[in-house]
Amino acid sequence: MKVELHACGLKSKGDRVRLNPTSLTLASGQITAVIGPNGAGKSTLMGLISGAFKPTRGYASLGDHIVTETRSQKLAQLRAVLSQDLAQTYGFSVYDVVSWARTPWRGTEHQSKDAQAIERALSSVGMQNAAERPIHQLSGGERQRVHLARVIAQDSPLLILDEPDSDLDLVGRNLLDSVVTGLFGSGKTILISSHDVNRMSRIAHQAVVVSQQKLIFHGPIQQAVTSEVISEAFQSKIRVQWVGQPGAVQEAKVTMME
Amino acid sequence: MSGIRGKSSPHRSVLWSLVLLIVLVVITVFALYSGVAGNESVIIWNIRAPRVATAAAVGAGLAIAGVLLQGALRNPLADPALVGVSAGAALGAVIAAALGISYNTFLSACIAVLTASIAIGLVLWVASSQGRIEVVTVLLGGIAITAFAAAVVSVIVTASDLAGSRTVSFWTTGSFALANWLGFVSMIPAMVLGTAIALAIARPLDIFALGDSAAFASGVPVAKIRIAALFAAVLLTATGVAVVGIIAFVGLLIPHAVRLLIGPSHRALIIVSGLAGAVVLVLADTASRLLLSPIELPVGAVTAIVGAPLFLVLVSSARARQGGWA
């Protein structure tokens, strides 16, 4: 499925620019990292692709579907979203919450796979033994894993993960990285944002770098995570060194100068 | 793998439905026959039966409306009387009466639905900011709309011969004393439609718990479901108010009590809350008739005396849990 922004931009009320008109095509079946400082427009860019925001210029498309003209159920068959603004949920079990992800497949032949998809998603984040626990009794990190499972159970070709690591500790982040890599292995297209550039350099293939409401670079991660691009994005002197043998997993070391 | 379970068990809700159904039958029989010497079937079938049936329907309607408002607005303090729906409906019935449309008729019920819809529309218009509906502003808007509608009701009731057949206190505290079969029948189409809509949107309402953007991302048409829920709540409230006046706290407290018993899943919550609402209002009406017999207490006073203290407890616990609500 081709995921594209066509001169797509957003101005909020009062003419504040949230993202300047941007055109890009995501690499299908690959992991694309969205990198940039706070307030640069990362969430806006992801929200325009997911349909959370209506663009004031241009449009976003998923395959043949223009995002803002697609019904919510169809849209949810095409993309799943893990956002930062989840409400607190009381009383429902972990299984209930993950099962909500199957909403877009109601009334289709995929509905028969509901139980299997939910169980597999719970297992992939290591929460298979917590299915019956009420979600409000979980820790922040466990809850984040449940919501990751929910997004996996939706089983759409595109996954949009907006800072999925924000509530995770070291172990949780490692788990997240292996889950994301596993999803890539099953052919998903993944768009993920994070402040941890080092980790993104390890798991992502492509990068979208935004700064001050503009796309400043889009291409292979090795060309994006360089001293020049990262310094420009964060408006600071930053040194990037790639380590690791060619052919093996390579990783960037990002350090602030002075 | 097949060992994974955790879907909410329906057993508790079935059990509670049965218990409430039995209690409803018992108090209905008591309400119909208590204090009637011999077998005075005219009193039972023409006065008591429509009154009990009306109390049961109004109670069920208010409780289900409370479930819908709390779920759709993600607001634990939503209630038809607190968000302006009830006062809007009372105003409609009074305006209709002033224009010559009799109370307890289908047309009167329709006009109450119209004015109640306008009332909640105004409240949401005030409370929406950049796609977000603010908890406190909904309640403030409800207070303003209720004050305005109640004032206009008192003006019309005082000034109009036709509307004045029901007093201001009838509207503000509610009473089943004027219930008859005609009034019961006038609200049934809206009650049935409202309940059907409620059951149809029960599952998407569960998903509302994630917040608007995550619910939308999961494939829920958030705006459509919210409007359907509010309209169903208006249908379930307004037609009852047109017949019996404003009864507060039932729609607010019953969903909370039922959630403690059977959990937050909306399908079960709608069914069990409906039954509990019917039980509570038949009980409250019977109490209002018998406590100081032969003097009859206003039923809304009975529900408020019990409900208002519980409301304070609820506010305090909900506030502690959410850490305040701006």
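This report describes confidence, core packing and selected secondary structure in a predicted model of a complex.

Residues are numbered from 1 along each chain as its sequence is written, while chains are lettered from A and ligands numbered from 1 in the order in which they are written. As the model is predicted, local features need pLDDT of at least 70 and side-chain atom pairs count only at pLDDT 80 or more, whereas totals for chains, interfaces and linings use all residues.

**Confidence**

The predictor assigns the complex an ipTM of 0.92 and a pTM of 0.91. In chain B the average pLDDT (the predictor's confidence in each residue, from 0 to 100) is 90, and 93% of the residues score at least 70. Over residues 1-7 of chain B the pLDDT is below 50; this stretch has 14 contacts beyond near neighbours in sequence, a contact being two residues whose C-beta atoms, placed from the backbone, lie within 7 Å. Where pLDDT is low, the predicted coordinates should not be read in detail.

**Nonpolar core**

The largest nonpolar core (buried Ala, Val, Leu, Ile, Met, Phe, Trp, Tyr and Cys residues joined through C-beta atoms within 7 Å) has 188 residues, and A:Val98, B:Ala90 and B:Ala93 have the most contacts inside it. A residue is buried if 20 or more other C-beta atoms lie within 10 Å of its own, exposed if 12 or fewer, and partly exposed in between, with C-beta atoms placed from the backbone. Helix α2 (residues 41-72) of chain B gives the most to this core, with 15 residues; helices (H or I, at least four residues) and strands (E, at least two) are DSSP runs, numbered from the N terminus. Not counting residues up to four places away in sequence, B:Ala93 touches B:Tyr103, B:Ser108, B:Ile111, B:Ala112, B:Val241 and B:Ala242.

**Strands of chain A**

Strand β7 (residues 158-162) of chain A has five of its five residues buried, so it is largely enclosed by the rest of the structure. On one side of β7(A) lie the buried A:Leu158, A:Ile160 and A:Asp162, and on the other A:Leu159 and A:Leu161, also buried. Three pairings in chain A are tabulated below; strands pair if DSSP finds at least two bridges between them.

| Strands of chain A | Bridges | Sense |
|---|---|---|
| β6 (residues 79-82) and β7 | four bridges | parallel |
| β7 and β8 (residues 189-193) | five bridges | parallel |
| β4 (residues 57-62) and β5 | two bridges | antiparallel |

Within these pairings, A:Leu82 stands opposite A:Leu161, A:Leu158 opposite A:Thr189, and A:Leu62 opposite A:His65.
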